[in-house]
Structures are given as C-alpha cells and as structure tokens.
Amino acid sequence: MKRSPLIVFGAIALLLLVGTLFLTSHEPEPVVAPLETPVTETISATATPTSTQARIGNSVEGRPIEAYTFGTGENDLLFIGGIHGGYEWNSILLAYEMIDYLRATTDSIPKNVTVHIIPNLNPDGLFAATGLEGKFAATDVTSNAMHTSGAGRMNANGVDLNRNFDCKWAPESTWRSKTVSAGSEAFSEPEAATLRDYVLATTPEAVVFWHSTANNVYASECEEGVLPETLTLMNAYATAGKYGAVPVFDAYPITGDAEGWLASIGIPAVTVELGSRTGIEWNQNLAGLNAVLGLYKE
C-alpha cells in the first residue's frame with residue numbers, strides 16, 4: 001500500500017526535530033575561566049606607617065571637621081586644636097604644623113602607636129574671627145582683634161564648646177568672669193558630638209588639647225578626681241616642653257569641659273596652654289609630642 005507523500009514528509013520532519021532537540025540538550029557546558037584571587041596588600045613590620053585624612057563631622061554651619069591619622073599601632077593617641085576657634089587660632093596653626101611634620105617623618109611614630117590629630121574642632125569660630133577656612137598661615141591672619149573682643153571663641157550657636165561635654169554639665173558656665181552658654185544639654189552641639197563619637201570609636205590611650213595662653217599644662221578631672229595616668233602625661237609633656245605643670249585648674253569654676261568628660265570615662269587628658277596668642281612654640285611642642293610618644297612606645 002502506498003503511503004501518502006504528506007505522511008512521509010511529516011514523519012521525516014518529526015525525526016529531524018527530535019534529533020535536533022537531542023543534540024541541543026547534550027551540548028557540553030561552556031568553559032568559564034576561574035576568577036582571579038584578589039590581591040591584598042600586606043604592610044610589613046618595617047614599612048612606613050600609613051597616613052589618612054577623613055571628614056569626621058560638620059560644624060553648625062556645615063564646615064568640615066577633619067581628623068588626620070598616622071601610624072598603624074594599637075595604642076591610639078589623640079591631639080586636638082581649635083576648640084575655641086579663631087580666638088585661639090595659633091592652636092589650630094600648631095596642629096597643622098604637627099600634621100605636616102608627621103606626614104614628612106612617619107618613621108618617628110613607634111610601631112605600636114597611631115597618632116590622630118583633629119586640627120580644628122570649631123571651624124565656624126575660626127571663620128567668624130579671621131575669615132579663614134581649612135589650613136592657613138600666620139600671615140593670613142590680618143587682625144588679632146579677637147583677642148580683646150573674644151570673637152570666634154564660641155561656635156555658631158554662641159555655645160562655648162568646652163562647656164558642652166558630659167562632666168558636671170550645666171546650661172551656663174563661666175569663662176574668666178563671664179557667664180557663657182553651655183548649650184541645651186551635654187553634646188547638644190555637633191562639634192562636641194563629633195569629638196565624642198570619634199573618641200568612642202578610637203578609644204585613645206591619651207588625649208592632648210592645644211589652647212592658649214597660660215604657659216602651662218593642666219591635668220583633668222571629673223567626679224572621681226585626677227587619674228594617676230593623667231599626672232604622668234602632664235608631667236611628661238610639661239617637662240619636655242618646658243611648660244608649667246598644674247594638677248588642678250582652680251582659677252575659676254568650670255563645668256562641661258571636654259578634658260573632664262574624658263577623665264570621667266577613664267581616658268587621661270591634658271590641656272596644653274601655649275605661652276603666646278600668636279606663636280606656636282614649635283620646639284617646645286614637638287618635644288612635648290615626642291615625650292607623649294615615648295610614654296606609649298613598646
């Protein structure tokens with residue numbers, strides 16, 4: 001019996017389709033080259049310590065608050081300038097000079113130490129008194145009227161930042177014979193909160209503040225008195241830098257100071273008061289910094 005040509009054609013087409021599907025389903029998987037293992041840079045014990053710069057917060061008016069870090073050791077040391085802004089602009093200038101020095105001589109930092117420097121905790125205060133922002137030179141300051149008017153000491157909210165920390169805090173405090181605002185509560189100001197958060201994140205072994213001008217190094221205390229380690233820190237810096245050493249500040253009552261807050265959480269802190277309003281007393285303070293590095297060297 002003859003098969004219909006249509007049936008024969010359909011059978012052939014069906015066989016071709018089945019064969020194609022079979023071959024397709026059994027094609028070998030494409031070969032994919034394995035991903036390369038990422039290369040991680042390892043810093044040897046003899047390598048030059050790293051240095052970084054980071055924006056860690058903002059002022060009331062949105063100016064950056066920056067921290068510079070040198071070294072990779074487990075013992076963190078923190079140095080801070082400019083808490084009183086343009087009123088104490090030489091403390092900011094000193095901090096930037098220290099940054100330049102450490103950037104050029106990173107091998108001077110012990111291997112077990114990391115140095116942090118916040119050059120200006122009150123950038124709005126610097127701008128209010130001098131019109132300057134960021135790094136500057138002494139010659140950029142064209143008038144020192146702030147030293148008689150007090151301009152630039154407070155932040156842009158009119159708060160004395162060194163009365164806004166959580167140690168015996170009160171809404172009002174004193175500066176010399178003046179009553180000053182300490183904010184609405186401890187750490188109400190973004191600048192103070194920035195320092196608090198940075199300290200809690202880095203847990204420094206010791207903290208040094210640069211101020212002016214009394215030609216002394218002052219220890220810190222809160223409710224529990226002066227920490228023994230604070231006296232060691234004070235004497236080391238004062239002796240090396242040829243400053244006076246004052247265990248207790250009693251010229252007038254102070255509440256809410258940053259150094260006192262640090263003492264309350266167990267961190268030794270000192271205030272270095274330069275002997276001038278316009279100089280940085282470089283050799284004295286470099287000797288002081290090196291003495292602090294020596295205290296925490298292995």
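What follows is a chat about a predicted model of one protein chain.

Me: Let's start broad. How many helices and strands does the protein chain have?
Reply: There are 8 helices and 12 strands in the protein chain. Keep in mind that this is a predicted model.

Me: Noted. And what share of the residues counts as buried?
Reply: 46% of the 298 residues in the protein chain.

Me: What about contacts between residues at least 6 apart in sequence, how many of those join residues at least 24 apart?
Reply: 76% of them do, taken over the protein chain.

Me: OK, covalent stuff. How many disulfides does a search of the whole structure find?
Reply: The search turns up 1 disulfide. Cys167 and Cys222 form it, with their sulfur atoms 2.2 Å apart.

Me: Which hand does that disulfide have, left or right?
Reply: The S-S torsion of Cys167 and Cys222 is about 125°, so the disulfide is right-handed. The pair ties together distant parts of the chain, 55 residues apart. Cys167 sits in the loop between helix H4 (146–149) and strand E5 (172–175), while Cys222 is in strand E9 (residues 221–222).

Me: Is Cys167 buried or exposed?
Reply: Cys167 has 2% relative accessibility, and the cut-off for buried is under 20%, so Cys167 counts as buried. Cys222 is buried too, with a relative accessible area of 7%.

Me: Switching to helix packing. At what angle do H2 and H8 pack?
Reply: Helix H2 (residues 89–104) and helix H8 (residues 282–295) pack at about 60°, and their axes are 11 Å apart. That angle makes H2 oblique to H8. As for handedness, H2 passes H8 in a right-handed crossing.

Me: Which residues make the contact?
Reply: From H2 you get Leu94, Glu97, Met98 and Tyr101, and from H8 Trp282, Asn285, Leu286 and Leu289. Sorted by class, this contact of H2 with H8 has 6 nonpolar residues, 1 polar and 1 charged.

Me: H8 also packs with H6, so what's the angle there?
Reply: Helix H6 (residues 228–241) and H8 pack at about 140°, with their axes 7 Å apart. The crossing of H6 and H8 is right-handed.

Me: Which residues meet in that one?
Reply: On the H6 side they are Thr232, Leu233, Ala236, Tyr237, Ala240 and Gly241. On the H8 side, Gln284, Asn285, Ala287, Gly288, Leu289, Ala291, Val292 and Leu295 take part. The contact of H6 with H8 splits into 9 nonpolar and 5 polar residues, with no charged ones.

Me: Now H3. Which of its residues are buried?
Reply: In helix H3 (residues 123–130), the buried ones are Pro123, Asp124, Gly125, Leu126 and Thr130.

Me: And what do the buried residues of H3 pack against?
Reply: They pack against strand E2 (64–71), H2, H4 and helix H5 (190–202). After H3 comes Gly131, which has a positive phi near 75°.

Me: Backbone oddities next. Which residues does the cis peptide bond join?
Reply: Ser212 and Thr213 are joined by a cis peptide bond, with omega about 15°. Thr213 is in the loop between strand E7 (206–212) and strand E8 (216–218).

Me: What's the phi of Asn215?
Reply: Asn215 isn't a glycine, but its phi is positive, about 65°. Asn215 lies in the loop between E7 and E8. With a relative accessible area of 39%, Asn215 is partly exposed.

Me: What does Asn215 touch, leaving out residues up to four places away in sequence?
Reply: Tyr243, Gly244, Glu273, Leu274 and Gly275.

Me: And how far apart in space are Asn215 and Ser276?
Reply: Their C-alpha atoms are 7.7 Å apart, and the two residues are 61 apart in sequence.

Me: Last one, Phe187. What's its phi?
Reply: Phe187 has a positive phi of about 65°, and it's not a glycine. You'll find Phe187 in the loop between strand E6 (178–181) and H5.

Me: Is Phe187 buried or exposed?
Reply: Phe187 is buried, with a relative accessible area of 14%.

Key. Residues numbered from 1 in each chain as written. Predicted model: local features only at pLDDT ≥ 70, side-chain atom pairs only at ≥ 80, totals over all residues. Heavy atoms only, no water. Axes fitted to C-alpha atoms, helices over the stretch in contact; angles between N-to-C directions. Helix = DSSP H or I, 4+ residues; strand = E, 2+ residues; numbered from the N terminus. Parallel < 35°, antiparallel > 145°, perpendicular 65-115°, else oblique. Left-handed = near helix turned anticlockwise from the far one by under 90°. Contact = heavy atoms within 4.5 Å. Nonpolar A, V, L, I, M, F, W, Y, C, P; charged D, E, K, R; others polar. Disulfide = S-S within 2.5 Å. Buried < 20%, exposed > 50% of the residue type's maximum accessible area, 1.4 Å probe, protein only.
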